[in-house]
Amino acid sequence: MIDTRRLRTLRAVADHGTVTAAAAALHLTPSAVSQQLGALEHEVGHRLFARDGRGIRLTAVGRIMLGHADEVLAQLERAEAEVAAYTTGSAGEVSVASFATAISAVLAPAVRALRLSAPALKIRVLDAEGDRGLTMLLDDQADLAIAVEYRGAPDDQRLTRIPLYAEPFDLLLPHERAPASTLAELAGDDWIGPYPGNPVHDVITFACEREGFTPGFAHSSDDFRAVVALVGAGAGVALVPRLALRDLDLSGVIVQRIPGPERRVFAAVRKGADLHPLLRPLLTTLTASHPLD
């Protein structure tokens, strides 16, 4: 019999590329991870990994096992969900990893609503910028993630995605700059925006490329408050998600609504877990929210 705990270890090492990184994600020692892999290889009767520089890579048999591991782990999620549903599962804790704007726009209102409709359900919120929430979800550090679609994002078949809302971007200009009717007019400007790797950076870059240019980022910050301040100081122009501008002092900038760019926000759970009775009320509340109204 193959121990399912070792399948989780196999998936973690495949995700993170090294035994040390997988051990950190699993809250184990590197020695324990190595022992789990060795035991799994003994059970299977084949080598599952080969050294690749400083890391390790899957062998052909390892890739076969990884595909089956994903199916087995998804089925276990379904089994846990059905057992929990059978026992009603009306009380418990759900951990949610989300980026800051979605916490303010949809997650905090959901927490408030569920305190009345499901008072025995405890929600633990984890701030996770960029796509880090999905990594936390896959590493079992969160039960649900709220994240942003972006160009080049992997379509991980281990996840079930539930669309939440599409949020337009607004153009920010310093007062001394003339308004622009298209993004193409800003091709020669200095740009201010998040670092590469942040999905918002990819949305901005893609929107500008569709207009025929690549934005020149002169300043980088993942904090939209800092982005607004830099635009107000005349340091450049920026595209910012509309909800991120709520409650910010915009007196020092020109805010223009411009068609086109938007970020699509979704909730994600591990495949099979969307049936879990502790997740269903939260998902129902999140999907009913309309933060842009």
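In the predicted model, the crossing of helices α5 and α9 is right-handed. Helix α5 spans residues 100-117 and helix α9 spans residues 280-287, and the two pack at an angle of about 125° with their axes 9 Å apart. Because angles from 65 to 115 degrees count as roughly perpendicular and those over 145 as roughly antiparallel, this angle makes α5 oblique to α9. On the side of α5 the contact is made by Val 106, Leu 107, Ala 110, Ala 113 and Leu 114, and on the side of α9 by Pro 281, Leu 282, Thr 285 and Leu 286. Sorted by class, the residues of this contact of α5 with α9 comprise eight nonpolar, one polar and no charged.

Two packed helices are described by the angle between their axes and the distance between the axes. The same description can be given for helix α1, which is considered here with two partners, α2 and α3. Helix α2 covers residues 19-26, and the axes of α1 and α2 come within 8 Å and cross at roughly 125°. The two helices α1 and α2 are therefore oblique to each other, and α1 passes α2 in a right-handed crossing. In this contact Thr 9, Ala 12, Val 13 and His 16 of α1 meet Ala 21, Ala 22, Ala 25 and Leu 26 of α2, so that, with Ala, Val and Leu counted as nonpolar, the contact of α1 with α2 has six nonpolar, two polar and no charged residues.

With helix α3 (residues 30-44), helix α1 (residues 4-16) packs at an angle of about 115°, and the axes of the two helices lie 9 Å apart. That angle makes α1 roughly perpendicular to α3, and α1 passes α3 in a left-handed crossing. Arg 5, Arg 6, Leu 7, Thr 9, Leu 10 and Val 13 of α1 make the contact together with Val 33, Gln 36, Leu 37, Ala 39, Leu 40 and Glu 43 of α3. The residues of the contact of α1 with α3 divide into seven nonpolar, two polar and three charged.

Attention now turns to enclosed space. Rolling a probe the size of a water molecule over the atoms shows where empty space is left. In this model, the count comes to two cavities of 30 Å³ or more. The largest cavity holds about 220 Å³ of space and is lined by 15 residues, of which Arg 8, Arg 11, Leu 73, Leu 138 and Arg 270 lie nearest its centre. Helix α1 and helix α4 (60-86) each supply at least two residues of this lining, and the lining as a whole divides into five nonpolar, no polar and 10 charged residues.

The second largest cavity holds about 80 Å³ of space. Its lining is formed by Phe 99, Glu 129, Gly 130, Val 148, Pro 194, Asn 198, Pro 199, Val 200, Asp 222, Phe 224 and Arg 263. These lining residues of the second largest cavity divide into six nonpolar, two polar and three charged.

A single loop residue, Asp 189, was also examined; Asp 189 is found in the loop between strands β6 (159-174) and β7 (190-193). When its neighbours within four places in sequence are left aside, Asp 189 is in contact with Arg 177, Gly 216 and Val 237. The C-alpha atoms of Asp 189 and Asp 70 are separated by 47 Å, and these two residues are 119 residues apart along the chain.

Technical notes: Residues numbered from 1 in each chain as written. Predicted model: local features only at pLDDT ≥ 70, side-chain atom pairs only at ≥ 80, totals over all residues. Heavy atoms only, no water. Axes fitted to C-alpha atoms, helices over the stretch in contact; angles between N-to-C directions. Helix = DSSP H or I, 4+ residues; strand = E, 2+ residues; numbered from the N terminus. Parallel < 35°, antiparallel > 145°, perpendicular 65-115°, else oblique. Left-handed = near helix turned anticlockwise from the far one by under 90°. Contact = heavy atoms within 4.5 Å. 1 Å grid on protein atoms, 1.4 Å probe; cavity = no way out; pocket = protein on both sides within 12 Å on 5 of 7 lines; lining within 4 Å. Points joined across faces, edges and corners; volume = space filled by probe spheres on them.
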